[in-house]
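Trainee: I would like to take a close look at a single part of this model, its nonpolar interior, and to hear it described in one connected account.

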Amino acid sequence: MNAIETVGPRLMLSPAVHVDLHRVWESARQVIERVQPVPVDWACRVSDLSRELLPGWAEDWLILERERWDQMRVYALESLAQQCQEADQYLPALQAAVAAMNIDPIRETAHRIVIQVHIAEGNVASALKRYHNYRAFLSRELNVAPSSQMTQLVRNLTTTQL
């Protein structure tokens, strides 16, 4: 089998060649569109979606393709995290959210999911710690505060009612 075929003066991949990006992209789309319930192979999905596009390559054409891939994988990981949280599958939810945070540490959605999971598990101290770390990070990096939606999540945790 030849991996590359010629069509006139053009080169193309043989149809027998499978590109892993196409498979993972389709998997990400299915997660975002909630085509199926929480996948049993969630760890593989998180691993696949944690991979960068052609790391180490410096070609200009990759800049926009990497941005496009990063957006797809962040949305897919956040969607997977939300679906796992809704199904009370907290470890997969945390793993997916943390993977999304590694891709885009400034984006709030994944941080919010982690806080929600900690609250659902009854880990108030962990939820507050995550909030305070994120708040300090945003202040240090951008001189901004978390959204009111994020702050509302932890507001009731610090109010003690006897």
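Trainee: Of the 28 residues in the largest nonpolar core, which touch the most other members?

Mentor: Bearing in mind that this is a predicted model, the residues of the 28-member core that touch the most other members are Val-46, Leu-49 and Leu-77. The core draws on several helices, since α1, α2, α3, α4 and α5 (108-121) each supply at least two of its residues. Apart from this core lies another, made of nine residues, including Tyr-131, Tyr-134, Leu-138 and Val-154.

Leu-77, once its neighbours within four places in sequence are left aside, is in contact with Val-46 and Leu-49, and also with Ala-96, Ala-99, Ala-100 and Ile-103. Val-46 and Leu-49 belong to helix α2, which spans residues 42-49 and in which Trp-42, Arg-45 and Asp-48 are buried as well. These five buried residues lie on the same side of α2, because the arc they cover around the axis is only 165°. An α-helix has 3.6 residues a turn, so residues three or four places apart point the same way. The cover over the buried residues of α2 includes α1 (20-32), α3 (62-86) and α4 (90-103).

Nonpolar side chains tend to be buried together in soluble globular proteins, yet here some nonpolar residues also lie at the surface, where Ile-4, Leu-11 and Leu-13 make a patch of about 320 Å². Ile-4, which lies in strand β1 (residues 4-7), is exposed, with a relative accessible area of 52%.

Technical notes: Residues are numbered from 1 along each chain as its sequence is written. This is a predicted model: local features need pLDDT of at least 70, side-chain atom pairs count only at pLDDT 80 or more; totals for chains, interfaces and linings use all residues. Side-chain values use heavy atoms; hydrogens and water are left out. Buried means under 20% relative accessible area, exposed over 50%, partly exposed in between (1.4 Å probe, protein chains only). Helices (H or I, at least four residues) and strands (E, at least two) are DSSP runs, numbered from the N terminus. The arc is that of the directions from the helix axis to the C-beta atoms. Contact means heavy atoms within 4.5 Å. Patches are made of residues with over 30% relative accessible area and no salt bridge: like charges are joined within 9 Å, nonpolar side chains (Val, Leu, Ile, Met, Phe, Trp, Tyr) within 5 Å. Accessible areas come from the Shrake-Rupley method with a 1.4 Å probe; for residues, only the protein chains shown count as cover. A salt bridge is a side-chain nitrogen of Lys or Arg within 4 Å of a carboxyl oxygen of Asp or Glu. A nonpolar core is a set of buried Ala, Val, Leu, Ile, Met, Phe, Trp, Tyr and Cys residues joined through side-chain atoms within 4.5 Å.
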